[in-house]
Amino acid sequence: MTTTPATDPRSAAPDPDADRRFLALAVEQARTGWAEGGVPIGAALVVDGEVLAVGRNRRVQMGSAIRHGETDCIENAGRQPASVYRRSTLYTTLSPCYMCAGTALLYEIPRIVVGENRSFQASESLLRSHGVQVDVLDDAECIALMQQMLDERPALWLEDIGEES
C-alpha cells in the first residue's frame, strides 16, 4: 500500500470508543436494511475521524447484484481522491465478502473494523495479505442481526453470498 504513515489509520492505536461509535452507525444502517426487507448488513466510511458516508446492503431494495453494505457505503461517498480512501477506515457489521474486500483493496483502504465474523468470513486473510488491518469486534448486536437473518431469511442470505439454497 502507498499510504502516508502520519495519516494512515494503522499508525495510531485503535480507539475502542470511536470504533464502537462508528460501528453503531453501521448497525443502524443494517437495521434499516432489515426493516426494508433486505439483508441486515451496514457500513460506515470514516476519514480523519469524520463520517464520510454510510450504507447498507440494498440488493433487494434496488434489485442490484452488487449493492452490499460496503459497496453501497463507498458509492454513497461519491468520487473521492485516492488520498481520501488511503486515510479511511471502513466499519462493517459483517466480515466482507470478496467483492467488498476487492473494492477496499482497489481503493487501498488501510483498516477495516468488522462487527462480527462468526456467521461469515471469506476475505480476512486476503485483506491482511495486502496489508489491510482487520479488527474484529465480535459485537453482540451484529451477531444477533445475522442470526436473525439466518433464522428468518436463509434463502435470501444464500442468494446474497452467491450460493444456491
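Which of the 17 residues in the largest nonpolar core touch the most other members? The legends below take up this core, then one helix and two pockets. The model is predicted, so that local features need pLDDT of at least 70 and side-chain atom pairs count only at pLDDT 80 or more, while totals for chains, interfaces and linings use all residues. Residues are numbered from 1 along each chain as its sequence is written, and side-chain values use heavy atoms, with hydrogens and water left out.

**View 1. The nonpolar cores.** Within the largest nonpolar core (a set of buried Ala, Val, Leu, Ile, Met, Phe, Trp, Tyr and Cys residues joined through side-chain atoms within 4.5 Å), the residues that touch the most other members are Leu45, Cys73, Leu90, Ile109, Ile112, Leu127 and Val132. Two or more residues of this core come from each of strand 1 (42–47), helix 3, helix 5 and strand 4 (111–116), where helices (H or I, at least four residues) and strands (E, at least two) are DSSP runs numbered from the N terminus. Another core, of 13 residues, lies apart from it and has Ala26, Ala30, Ala44 and Val46 among its members.

**View 2. Helix 5 and its surroundings.** Cys100, Ala101, Thr103, Ala104 and Leu105 of helix 5 are buried, buried meaning under 20% relative accessible area, exposed over 50% and partly exposed in between (1.4 Å probe, protein chains only). The cover over these buried residues includes helix 3, strand 4 and helix 6 (124–129), with contact taken as heavy atoms within 4.5 Å. After helix 5 comes Glu108, which has a positive phi, near 55 degrees.

**View 3. The largest pocket.** This pocket (on a 1 Å grid over the protein atoms alone, an open set of points where a 1.4 Å probe fits, with protein on both sides within 12 Å along at least five of seven lines; lining residues have an atom within 4 Å of a point) has a volume of about 290 Å³, the volume being the space filled by probe spheres set on the points, which are joined across faces, edges and corners. Among its 17 lining residues, Pro9, Gly49, Thr89, Tyr91 and Arg111 are the closest to its centre. Helix 1 (16–35) gives the most to this lining, with three residues, and strand 3 (88–94) supplies at least two.

**View 4. The second largest pocket.** About 190 Å³ of space lies in this pocket, whose lining residues include Ile66, Arg67, Tyr85, Met99 and Tyr107. Helix 3 (69–77) gives the most to the lining, with four residues, and helix 5 (98–106) supplies at least two.
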